[in-house]
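Let's take a walk through this fold together, strand by strand and then pair by pair. Keep the viewer open as you read.

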Amino acid sequence: MNEIAELKRRMTAIERAPEPTTQFDRYPAVEWAAQGRPAVGGNIWSSVSIANATGLAFDRVECKFITDFLTPGKREAEVRLATFRHTGKAEREIVSASAVLNLTGLANRTVGVVVMRWVHGIPYGWDYADDTTIYTIELQHRYKTGPENYTPGTVDVFTFFKPTNKSAPGTGGPLEMPNNTNYETMVLPKSRPNVGAGWITIPELVSENTRYGAYSISPMHYCVGLPKSRIPEANENGWAWIKGSGAQWGREPDITEPYFGV
């Protein structure tokens with residue numbers, strides 16, 4: 001009886017399947033910039049971006065994202081696509097995942113571009129068990145190497161300074177600039193008790209990525225469902241085109257690996 005009930009349910013789901021009205025499914029677009037991504041929850045899988053794929057009409061998707069600050073041997077990323085089923089109790093369970101794509105970057109800083117094509121493994125994207133269940137496709141990352149420890153250096157600068165802010169220009173306080181007409185030099189009179197000059201040390205100006213030794217991965221610029229005729233390369237493990245980064249496929253799909261559960 002249970003098998004007959006399940007068969008009826010699936011037949012109903014097929015009848016409810018949406019008719020493709022366009023040549024691809026449209027999922028949300030997001031910002032362009034690559035954001036710094038720290039290691040999360042002991043460096044387990046964490047989602048960079050999410051696409052609501054409830055009601056999808058095609059069995060394969062294509063997405064695009066960019067990377068920055070990837071450095072071989074220092075900051076290397078593992079990325080994958082994964083699908084999740086969300087229930088009305090604010091819980092989500094993993095349904096399928098692509099193989100792991102290792103991104104190593106290049107010796108010199110380069111903004112990388114990655115396009116992934118994948119058979120997502122949701123058998124009935126419109127077949128939710130109740131009115132609150134939805135499906136998502138998520139781009140996930142974790143560190144293969146790094147983030148490396150980085151201690152910012154310092155810079156010595158020769159400059160003029162004054163120990164008080166109360167003195168007005170011309171009274172021994174801040175210097176009036178310029179002191180001449182050709183704007184090339186500045187004269188420091190001897191009799192200015194509130195003005196000094198010398199070397200001072202300031203922190204090195206570095207980016208947040210360099211300061212924390214982190215790479216950057218953007219959310220998916222787009223995630224669209226496409227038919228096999230458009231992306232025949234898509235398969236259950238995943239297919240990728242990469243520019244501006246070294247890359248190789250790593251582990252096979254594994255939905256048992258821990259992920260950040262929010």
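Which residue in S9 is the bridge partner of Arg85? Tyr135 is the one to look for. Keep in mind while you check that this is a predicted model.

That pairing belongs to a longer run of contacts: S5, residues 76-86, and S9, residues 134-145, are antiparallel and joined by eleven bridges. Arg85 also has a partner in S6, namely Glu93. S5 and S6 (residues 92-97) run antiparallel as well, with five bridges between them. The hairpin they form has five residues between the strands, and there Ala90 adopts a positive phi near 55 degrees. S5 has a further antiparallel neighbour in S7 (residues 101-105), to which three bridges join it; here Glu78 is matched with Asn102. With these pairings in mind, colour S5 by accessibility: ten of its eleven residues are buried, so the strand is mostly covered.

Glu78 is worth a second visit. Its side chain forms a salt bridge with Arg251, and the closest N and O atoms are 3.1 Å apart. This pair ties together distant parts of the chain, since Glu78 sits in S5 while Arg251 lies in the segment after strand S15 (246-249), 173 residues apart. Glu78 counts as buried because its relative accessibility is 6%, under the 20% limit. Arg251, at 30%, counts as partly exposed. Both residues belong to a network of salt bridges that also links Arg80, Arg142 and Glu257.

How many salt bridges does a search of the whole structure find? The count is twelve. Among them is the pair of Arg109 and Asp68, whose closest N and O atoms are 2.6 Å apart. Arg109 is in the loop between S7 and strand S8 (112-119), whereas Asp68 is in strand S4, 41 residues apart. Is each partner buried or exposed? Arg109 is exposed because its relative accessibility of 60% is over the 50% limit, while Asp68, at 9%, is buried. In another salt bridge, Glu233 meets Arg117 with an N to O distance of 2.8 Å. Glu233 is in the loop between S13 and strand S14 (239-243), and Arg117 is in strand S8, 116 residues apart. Glu233 is partly exposed at 31%, and Arg117 is buried at 17%.

Now turn to S13, residues 222-226, where four of the five residues are buried. S13 pairs with S4 (residues 60-68) in the antiparallel sense over five bridges, and Arg60 stands opposite Leu226. Cys223 is in S13 too, and is buried, with a relative accessible area of 1%. From Cys223 to Glu138 the C-alpha distance is 9.5 Å, although 85 residues separate them in sequence.

A loop residue comes next. Arg37 lies between strand S2 (35-36) and strand S3 (46-52), and it counts as buried at 15% relative accessibility. Its side chain reaches the backbone oxygen of Gln35 at 3.3 Å. Beyond its neighbours within four places in sequence, Arg37 is in contact with residues including Val48, His141, Tyr143 and Tyr215.

Finally, look at the surface. Val155, Val157, Ile200 and Ile202 make a nonpolar patch of about 250 Å². Strands S10 (154-161) and S11 (196-203) each give two or more residues to this patch. Ile200, in S11, is partly exposed with a relative accessible area of 35%.

Key: Residues numbered from 1 in each chain as written. Predicted model: local features only at pLDDT ≥ 70, side-chain atom pairs only at ≥ 80, totals over all residues. Heavy atoms only, no water. Patch = residues over 30% accessible without salt bridge, like charges linked within 9 Å, V, L, I, M, F, W, Y side chains within 5 Å. Areas by Shrake-Rupley, 256 points an atom, 1.4 Å probe, with all protein chains shown as cover. Salt bridge = Lys/Arg side-chain N within 4 Å of Asp/Glu carboxyl O. Buried < 20%, exposed > 50% of the residue type's maximum accessible area, 1.4 Å probe, protein only. Pairing = 2+ DSSP bridges. Polar contact = N/O pair within 3.5 Å; in protein donor to acceptor, adjacent residues only side chain to side chain. Contact = heavy atoms within 4.5 Å.
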